[in-house]
Amino acid sequence: MDHGCMWKFCATVLLALGLVLPGVAASAADDAYPDPTVAIIIDPDVCIGQPLPFIGKSSVDGDWTVTYLGQTKTGSGKNFAVDFSTKKAKAGQSVTLRAVQTYDGGSLTRTATINLPKCTDQAAGGADLGDGVGNAGNDGLSGILPNTGGLAFWVIVLGVVLAVAGSVTLARRRS
């Protein structure tokens, strides 16, 4: 390989690395600081007059505020469990349970629409776990799709192999 081909080979490898490395660095930063997630769990088999158990689970420590039918409960930590009274609920009435967890980088909100039956009814109501809305400083997209992946180390290896193969093929054609 002459000096001209060597120079082109080096330039090709540097160009390939320049295109791949910023994506890998961004992916590594995302993996190091994943978006927080919050899930809420509500028993769908509760009827009016029974306590409504609420469980909130998060990937980060924070302060919880949960409201249901004018009742507000607060707590802190990654997990939060509490019971709400359903005595004021009316059969067939849809009410919203709202859970907010505030942490160092922002807050995450989850809601559930609940329709409780009378305890004498055979069919129990259910909880419609609605879409969550997160806000961790990036326009409300935080925590919606955690761990969705990114560029892997093998993308770099593949890029380098392709750059080398292309340079070798180019050098052989010119020889």
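# Close-up views of a predicted model

**View 1. Glutamine 101 and its surroundings in strand β6.** The side chain of glutamine 101 comes to 3.3 Å from the backbone oxygen of glycine 77, in what is a predicted model. Glutamine 101 belongs to strand β6, and because its relative accessibility is 0%, glutamine 101 counts as buried, the limit for that word being under 20% relative accessible area. When neighbours within four places in sequence are set aside, glutamine 101 is in contact with a list of residues that includes Val38, Ser58, Val60, Asp61, Gly62, Asp63 and Trp64. The same list also includes Gly77, Gly106, Ser107 and Leu108, so that Gly77 appears in this view both as a contact and as the residue whose backbone oxygen is reached by the glutamine 101 side chain.

**View 2. The whole chain, as a setting for the other views.** The chain contains 2 helices and 9 strands, and a reader who follows the sequence meets them in the pattern α-β-β-β-β-β-β-β-β-β-α. Of its 175 residues, 29% count as buried, while the accessible surface of the chain comes to about 11,000 Å², with 58% of that area belonging to carbon and sulfur atoms. Among the contacts in the chain with a separation of 6 or more, 54% are made by residues 24 or more positions apart.

**View 3. The open sheet of β1, β2 and β5.** Three strands form this open sheet in the order β1-β2-β5, and their pairing is antiparallel. Strands β1 (38-42) and β5 (79-84) stand at the edges, and because each has a single partner strand, one side of each is left without a neighbour in the sheet. From one strand to the next, the twist averages 15 degrees. Between β1 and strand β2 (residues 52-58) there are 5 bridges, and these two strands run antiparallel; within β2, glycine 56 is the residue that stands opposite isoleucine 40. In a regular strand, the side chains alternate between the two faces of the sheet.

**View 4. Asparagine 79 in an edge strand.** Asparagine 79 lies in strand β5, and with a relative accessible area of 52% asparagine 79 is exposed, since the word is used for values over 50%. Apart from neighbours within four places in sequence, asparagine 79 is in contact with Gly56, Lys57, Ser58 and Trp64. The C-alpha atoms of asparagine 79 and tryptophan 64 are separated by 9.0 Å, and these two residues are 15 residues apart along the chain.

**View 5. The hairpin of β3 and β4.** Strand β3 (residues 63-68) and strand β4 (residues 71-76) run antiparallel and are joined by 6 bridges, and tyrosine 68 stands opposite glutamine 71 in β4. The hairpin has 2 residues between the strands, and leucine 69 is placed in this loop between β3 and β4. Phi of leucine 69 is near 50 degrees, which is a positive value in a residue other than glycine. With a relative accessible area of 23%, leucine 69 is partly exposed.

**View 6. Tyrosine 68, at the end of β3.** Tyrosine 68 is found in strand β3, and because its relative accessibility is 1%, tyrosine 68 counts as buried. Leaving aside neighbours within four places in sequence, tyrosine 68 is in contact with ten residues, among them Leu52, Phe84, Thr86, Leu97 and Ile114. The C-alpha atoms of tyrosine 68 and alanine 99 are 9.0 Å from each other, although the two residues are 31 residues apart along the chain.

**View 7. The largest nonpolar core.** This core has 22 residues, and those with the most contacts inside it are Ile42, Leu52, Phe54, Tyr68, Phe84, Leu97 and Ile114. Two or more residues come from each of β1, β2, β3, β5, β6 (94-103) and β7 (106-115), and β6 gives the most, with 4 residues. Leucine 52 touches, among others, Ile42, Val46, Tyr68, Val82, Phe84, Leu97 and Ile114, when residues up to four places away in sequence are not counted.

**View 8. Arginine 110 in strand β7.** Arginine 110 is found in strand β7, and because its relative accessible area is 10%, arginine 110 is buried. The side chain of arginine 110 reaches the backbone oxygen of valine 38 at 2.9 Å.

Key. Residues numbered from 1 in each chain as written. Predicted model: local features only at pLDDT ≥ 70, side-chain atom pairs only at ≥ 80, totals over all residues. Heavy atoms only, no water. Buried < 20%, exposed > 50% of the residue type's maximum accessible area, 1.4 Å probe, protein only. Contact = heavy atoms within 4.5 Å. Areas by Shrake-Rupley, 256 points an atom, 1.4 Å probe, with all protein chains shown as cover. Pairing = 2+ DSSP bridges. Axes fitted to C-alpha atoms, helices over the stretch in contact; angles between N-to-C directions. Core = buried A, V, L, I, M, F, W, Y, C linked by side-chain atoms within 4.5 Å. Polar contact = N/O pair within 3.5 Å; in protein donor to acceptor, adjacent residues only side chain to side chain.
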